[in-house]
Amino acid sequence: MITFILNNKTIKTPEHAGMTLLDFVRYQQRLTGTKIGCREGDCGACTVLVGTLNERGVMEYQTITSCISPLGNAHGKHIVTVEGTNLKDKLTTSQEAMKANYATQCGFCTPGFVVSLTGFALSNSEKNYSNALDAISGNICRCTGYKAIEKAALQVVEKLENQEVHSFGWLIDHGFIPEYFKSIPQRLLDIKAKELNQPKGKFVSGGTDLYVQQADDLADNDVHLIAEKGYLKGISINDAICTIGTNATVTDLWNHTELNSLLPNLRKHLKLVSSEQIRNMASFGGNLVNASPIGDMTIFFLALNSELTIIDEHENERTLALKNFYQDYKKFDLNDGELLKEIRFNIPSNQSYFNFEKVCKRTHLDIASVNSAIHIAVNDDHISEVHVSIGGVSAIPKYLHETSKFLRRKDLTVEIIMQANEILQSEISPISDVRGTSDYKRLLARQLFFAHFTTLFPKQFTLNDFVQHA
């Protein structure tokens with residue numbers, strides 16, 4: 001029995017765990033403020049809040065797109081739709097900001113924006129304008145124009161920014177959320193939702209890849225939800241090795257203080273991966289086994305020369321280099337009953353550098369045309385170690401073996417980088433598709449490769465240096 005709190009109501013339902021949370025909310029509960037838009041997690045019209053009671057007994061809220069989230073993942077959580085944010089006889093602070101700034105026309109997208117702004121108020125992120133815009137990065141409006149919505153976000157920030165602590169009590173007193181939020185922690189404790197008794201079926205974690213492709217099939221057939229499996233969670237750093245559980249999300253990486261200090265551009269890179277709603281949902285394991293040739297985090301981890309730990313149903317483990325995991329298009333070295341357990345990589349040192357680049361049609365939401373990453377160690381302009389990866393130019397996420405091999409133990413010069421690009425071009429085999437022609441992708445591959453060096457070593461290289469040598 002799936003048990004959770006939906007707004008101010010306790011839900012116990014025998015519905016199929018694989019149906020989408022959106023369909024349950026709209027068709028079973030008749031909460032139609034949560035809209036059906038793209039059904040791919042792109043438009044944000046179906047945004048809801050998911051509240052989780054952490055080990056300290058504190059509620060943590062995140063936004064997700066309910067159209068690609070399985071109902072079973074709501075088990076033991078507090079789910080908040082736009083109706084659940086309403087106050088009696090007056091607008092909430094987020095609703096009033098949208099109204100005061102004329103930030104709505106047809107209104108279809110408005111509930112999603114309101115929920116995202118409410119989620120921003122509830123989040124642990126610093127209450128500044130930049131983070132407010134991140135919070136609504138996954139919400140699309142087709143008629144209003146974003147300036148009015150951005151002004152609404154700024155109005156919300158202005159109400160929050162001078163307060164160091166935003167407790168439920170403070171948020172209730174200032175009209176951000178209704179009073180019943182105070183009762184949720186104890187009510188979740190009272191529910192004592194036991195782990196779901198699940199049948200054998202397709203493994204599903206966040207669902208952000210699978211539900212775009214197979215939502216109807218997953219709603220009709222058995223699924224085995226693994227998002228709450230504790231042994232697949234967590235991020236730790238020991239002896240300069242980072243270990244990430246495959247149920248960890250991009251948001252977990254985003255919020256990891258130590259990793260952000262070791263990789264100072266980490267958030268800049270992760271912002272290119274997806275909207276905040278998707279960063280809150282998508283698991284790294286799901287991203288890797290989706291085996292997309294342009295999976296952003298796959299390219300990210302390939303350049304870090306990562307290693308996988310794989311576990312079977314008998315808890316036997318084996319390890320495998322990520323660069324050897326992919327065999328052909330959508331084929332990889334994973335047997336029936338096996339799961340990816342952990343991803344491990346060596347932390348970049350003071351003399352090594354990491355960079356991630358991506359080209360797509362939209363900044364936050366789109367699939368890459370081409371993406372690339374590099375991890376390079378340099379001592380006195382001499383390359384001691386390097387790993388280069390690239391996506392969108394092969395049938396698999398591509399670790400560039402020959403390019404990386406060529407660059408090792410070479411001097412860091414324009415001439416060497418130009419020669420490395422020639423090898424890179426021989427390693428890739430892009431095809432023409434909706435994201436560009438093969439020639440265009442080869443051009444992008446070259447430019448992103450050069451961009452690694454102009455970004456990491458701006459005093460040594462400019463794009464014009466490479467143009468002159470072309």
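Colleague: What is the strand order of the open sheet of four strands?
Modeller: The model is predicted. In it, four strands form an open sheet with antiparallel pairing. Their order is β15-β16-β17-β18.

Colleague: Which are the edge strands?
Modeller: An edge strand here pairs on one side only. Two strands fit, spanning 352-359 and 398-399. They are β15 and β18.

Colleague: How many bridges join β15 to β16?
Modeller: β16 covers residues 370-379 and runs antiparallel to β15. Within this part of the sheet, Tyr353 stands opposite Ile376 of β16. The number of bridges joining β15 to β16 is eight.

Colleague: Which helix packs on the sheet and touches β15, β16, β17 and β18?
Modeller: Helix α17 (residues 438-456) packs on the sheet, touching β15, β16 and β17. Its direction makes about 145 degrees with that of β15. Another helix, residues 296-303, touches β15, β16, β17 and β18, and its direction makes about 20 degrees with that of β16. That helix is α14.

Colleague: Is α3 roughly parallel or roughly antiparallel to α5?
Modeller: The axes of α3 (residues 110-122) and α5 (residues 146-160) come within 11 Å and cross at roughly 25 degrees. Angles under 35 degrees count as roughly parallel. So α3 is, relative to α5, roughly parallel.

Colleague: How many nonpolar residues does the contact of α3 with α5 have?
Modeller: The crossing is right-handed. α3 contributes Phe113, Leu117, Phe120 and Ala121, while α5 brings Tyr146, Ile149, Ala153, Val156, Val157 and Leu160. By class, no polar and no charged residues take part, and the nonpolar count is 10.

Notes
Residues are numbered from 1 along each chain as its sequence is written. This is a predicted model: local features need pLDDT of at least 70, side-chain atom pairs count only at pLDDT 80 or more; totals for chains, interfaces and linings use all residues. Side-chain values use heavy atoms; hydrogens and water are left out. Axes are lines fitted to C-alpha atoms, for helices over the stretch in contact, and angles run from 0 to 180 degrees between N-to-C directions. Angles under 35 degrees count as roughly parallel, over 145 as roughly antiparallel, 65 to 115 as roughly perpendicular and the rest as oblique. A crossing is left-handed if the near helix is turned anticlockwise from the far one by less than a right angle, and right-handed if clockwise. Contact means heavy atoms within 4.5 Å. Ala, Val, Leu, Ile, Met, Phe, Trp, Tyr, Cys and Pro count as nonpolar, Asp, Glu, Lys and Arg as charged, and the others, Gly among them, as polar. Two strands pair if DSSP finds at least two bridges between them.
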